[in-house]
Amino acid sequence: MRKKIVVLGSTGSIGRATLDVIAQQEEKFEVLGLACRENIALLKEQVERFKSPFVSTYDDGADRIGPIGAATVLPGMEGMKEMIGMDAHIVVNALPGSIGLEPTIEALKQNKVLALANKESLVMGGRMVEALLRIGTGKLIPVDSEHSAIYQLLKSVPGKELSHLTITASGGPFRGLSIEDLERVSPAEALNHPTWKMGNKITLDSATMMNKGLEVIEARWLFDISPDRIKVVVHPESIIHGIIEFVDNGIMAYLSYPDMRIPIAYALNEEERHPLPFGKLSMDEPFNLTFHPPDLERFPCLRLAYEALEMGDSALIAVNSANEVAAAAFVEGKISFTQIPILIEEALSHHPAARVIDTVDSIWEIHRLTKEFTERKLGEFYGH
């Protein structure tokens, strides 16, 4: 019997890559539901191609859209939750931003297998996710290439033998620029990643290295490890995705071609490896692997993520919420690239601090207050 899959964020880069994997392994999988925000034209194509019986959209006008092929439309957040509660075996959460939090909570409450690509679920609600995994029968398999790599490496390592985790970072398009040069970069330049083809938000986060900061926070919850045992190294080739260090100073690394369909296939097949027709790393030709420590002066967003981890749960929500506001302001031309971390640091310094946040309502309250503060500062500082 084929496994039924719900793909949330189906029209984004991870969603499209997920459907690529499903198309290659249609004898194993069938699509039960698809969800996107606003790319209805592509959603209709996906419904036609994969015969999805249910779809959902989550923009403000979701309840006003017309028919989408032969699929039943379940609009808004409640529609997505209804799809998750059906008989799907696997839920792929590839939604962008904080909108992904509640579907993750719902999938784990429904004891589903959750293939998680939405960073904000763990950044904002890591404590809740951890508790749901502990008390329920749901399962979380990470889809991010870095966390998938470490997840796979740790399967064969007793916890007492682990010393540190290292998450690799491409360094983004500006890794060689000075602070003065960074002040002049444009949104178009920031949204042009040299290695990965991703959505705008994650591409910009990669350029500021906030993406790596969010991944450090994810790793803290995913692998139940203290922040001081999580390292980041810049590795521009993006061939090594994750590294673990042992207490005897030995090191183990996971290498693969930078193709998101590889970790997606691993998650969909629930930690089994099956042949794939794409993303093969050739070891027959010479290639270089280089590593550099991250520069926290030029890219302070990574430093802010570590500081938020030390401050507590509310700071993790605040750093994410402020980043969403600041990143959008940069893309809209309201602030410069180097002003993004300034706004985030302001929000961290003034958010309503609490070390433990363990309810969805509390998460959304901190999120709302931080967004309002950051938007107010945006106006005060920069006249917008």
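## Reading the fold: a short tutorial

The accessible surface of the chain comes to about 16400 Å², and 50% of that belongs to carbon and sulfur atoms. Please keep in mind that this is a predicted model.

Q: How many of the residues count as buried in the chain?
A: Burial is judged residue by residue, with under 20% relative accessible area as the cut-off. Here, 56% of the 384 residues pass that test.

Q: What does the radius of gyration say about the chain?
A: The idea is to compare the value with that of a compact globule. For 384 residues such a globule would have a radius near 21 Å, and the chain has 20 Å, so the two agree. The C-alpha trace spans about 55 × 50 × 40 Å along its principal axes.

Q: In what order do the seven strands of the open sheet lie?
A: Strand order in a sheet need not follow the sequence, and here the order is 4-3-2-1-5-6-7, with parallel pairing. Strand 4 (72-73) and strand 7 (139-142) each have a single partner strand, so they stand at the edges with one side lacking a neighbour in the sheet.

Q: Which strands does helix 1 touch?
A: Helix 1 (residues 13-24) packs on the sheet against strand 1 (3-8), strand 2 (29-36) and strand 5 (90-93). Its direction makes about 160° with that of strand 1.

Q: Which residues touch the most other members of the largest nonpolar core?
A: In this core of 122 residues, they are Leu 8, Ile 22, Ile 244, Leu 268 and Phe 337. Helix 13 (residues 313-331) gives the most to the core, with 10 residues. Beyond four places in sequence, the contacts of Ile 244 include Ile 150, Leu 153, His 164 and Met 252.

Methods:
Residues are numbered from 1 along each chain as its sequence is written. This is a predicted model: local features need pLDDT of at least 70, side-chain atom pairs count only at pLDDT 80 or more; totals for chains, interfaces and linings use all residues. Side-chain values use heavy atoms; hydrogens and water are left out. A nonpolar core is a set of buried Ala, Val, Leu, Ile, Met, Phe, Trp, Tyr and Cys residues joined through side-chain atoms within 4.5 Å. Buried means under 20% relative accessible area, exposed over 50%, partly exposed in between (1.4 Å probe, protein chains only). Helices (H or I, at least four residues) and strands (E, at least two) are DSSP runs, numbered from the N terminus. Contact means heavy atoms within 4.5 Å. Two strands pair if DSSP finds at least two bridges between them. Axes are lines fitted to C-alpha atoms, for helices over the stretch in contact, and angles run from 0 to 180 degrees between N-to-C directions. The radius of gyration is taken over C-alpha atoms; the globule rule is 2.2 Å times the number of residues to the power 0.38. Accessible areas come from the Shrake-Rupley method with a 1.4 Å probe; for residues, only the protein chains shown count as cover.
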